[in-house]
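Me: I've got this chain up on my screen and I'd like a close look at one part of it. Could you pick a single helix and walk me through what surrounds it?

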Amino acid sequence: MSGELVAWLTGCLDEDQQKAEKLLRVAQDTQLTFKDYKRFAGRDTPGWHDWPDVEAMCSRTLADIAAKRDILKLHAICGSGHGYCDDGGHGGIGATGNLLGCSTTALLAQPFADRPGFREEWLEE
């Protein structure tokens, strides 16, 4: 089941990365269009954004997504008997003697619980 969670979570990260990259391009294009944007529009214009802040937020979001992808790579095969957590780590062996899923991937999935395809059982891994 961990494999299904990793695949689903990878899809969520792909979607977030595409959105952040699109917004980053908008922020960068806007800054190029209005080199002196604060004088041009001012901060008091309704709906105006401080584009350097938006650019910084997008860059942090993309770095966060990259870090989550690295964590997923590390834990992708947990629960198989050969994963990072399967040697008595925080995945371990359940009461029935079966390998448990990876709690790290379950924790990474929590913020995406409102997305289509999410399964509550993943949080119990």
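Reply: What follows is a tour of helix α3, with the rest of the chain brought in where it helps.

Keep in mind that this is a predicted model, so everything here is computed from predicted coordinates. For orientation, the chain has four helices and zero strands, which gives the pattern α-α-α-α when you read along the sequence. Of its 125 residues, 34% count as buried.

Now to the helix itself. Helix α3 covers residues 51-75. With 25 residues, α3 reaches 36 Å from its first C-alpha to its last, close to the 36 Å expected at 1.5 Å a residue.

Which residues of α3 are buried? The list runs Trp51, Val54, Cys58, Leu62, Ile65, Lys68, Leu72 and His75. Lys68 is the one I'd pause on, so let's take the charged side of the story there.

Lys68 pairs up with Asp64: their side chains meet in a salt bridge, at 3.1 Å from N to O. Both partners sit in α3, four residues apart, which is about one turn of the helix. Are the two partners buried or exposed? Asp64 is partly exposed because its relative accessible area is 37%, while Lys68 has 19% and therefore counts as buried, the cut-off being under 20%. Leaving aside neighbours within four places in sequence, Lys68 is in contact with Leu13 and Leu108.

That bridge is one of seven salt bridges in the structure. Another one is worth a detour, as it involves other parts of the chain: Glu4 and Arg119 meet through their side chains at 2.5 Å, N to O. This pair links distant parts of the chain, with Glu4 in helix α1 (residues 2-33) and Arg119 in the segment after α4 (103-109), 115 residues apart. Glu4 counts as partly exposed because its relative accessibility is 45%, and Arg119 does too, at 29%. Then there's Glu15, which forms a salt bridge with Arg115, the closest N and O atoms being 3.9 Å apart. Here again distant parts are linked: Glu15 lies in α1 and Arg115 in the segment after α4, 100 residues apart. Glu15 has a relative accessible area of 34%, so it is partly exposed.

Back to α3, and on to its nonpolar contacts. In general, nonpolar side chains tend to be buried together in soluble globular proteins. The largest nonpolar core here has 13 residues, and the members that touch the most others are Trp8, Leu9, Leu72 and Phe112. Helices α1, α3 and α4 each supply at least two residues of this core, and α1 gives the most, with six. Leu72 is on the list of buried α3 residues, and Leu9 is in contact with Leu72. Setting aside its neighbours within four places in sequence, Leu9 also contacts Thr105, Leu108, Ala109 and Phe112. Leu108 turns up in the surroundings of Lys68 as well.

There is a second, separate core of seven residues, which includes Ala27, Trp51, Cys58 and Leu62. Trp51, Cys58 and Leu62 are among the buried residues of α3.

What about the side of α3 that isn't buried? Met57, which is in α3, is partly exposed because its relative accessible area is 35%. Met57 joins Leu23 and Val26 in a nonpolar patch on the surface, with about 210 Å² of accessible area together. Ala56, also found in α3, has 31% relative accessibility, so it counts as partly exposed. Ala56 and Leu24 are 32 residues apart in sequence, and their C-alpha atoms are 8.5 Å apart in space.

Two whole-chain numbers round off the view. Among contacts between residues at least 6 apart in sequence, 59% join residues at least 24 apart. The chain exposes about 7800 Å², and carbon and sulfur atoms supply 54% of that area.

So, if you want one residue to keep on screen, Lys68 is a good pick: Lys68 is buried at 19% relative accessibility, bridges to Asp64, and is in contact with Leu13 and Leu108.

Key
Residues numbered from 1 in each chain as written. Predicted model: local features only at pLDDT ≥ 70, side-chain atom pairs only at ≥ 80, totals over all residues. Heavy atoms only, no water. Salt bridge = Lys/Arg side-chain N within 4 Å of Asp/Glu carboxyl O. Buried < 20%, exposed > 50% of the residue type's maximum accessible area, 1.4 Å probe, protein only. Expected span 1.5 Å × (residues − 1). Patch = residues over 30% accessible without salt bridge, like charges linked within 9 Å, V, L, I, M, F, W, Y side chains within 5 Å. Areas by Shrake-Rupley, 256 points an atom, 1.4 Å probe, with all protein chains shown as cover. Core = buried A, V, L, I, M, F, W, Y, C linked by side-chain atoms within 4.5 Å. Contact = heavy atoms within 4.5 Å.
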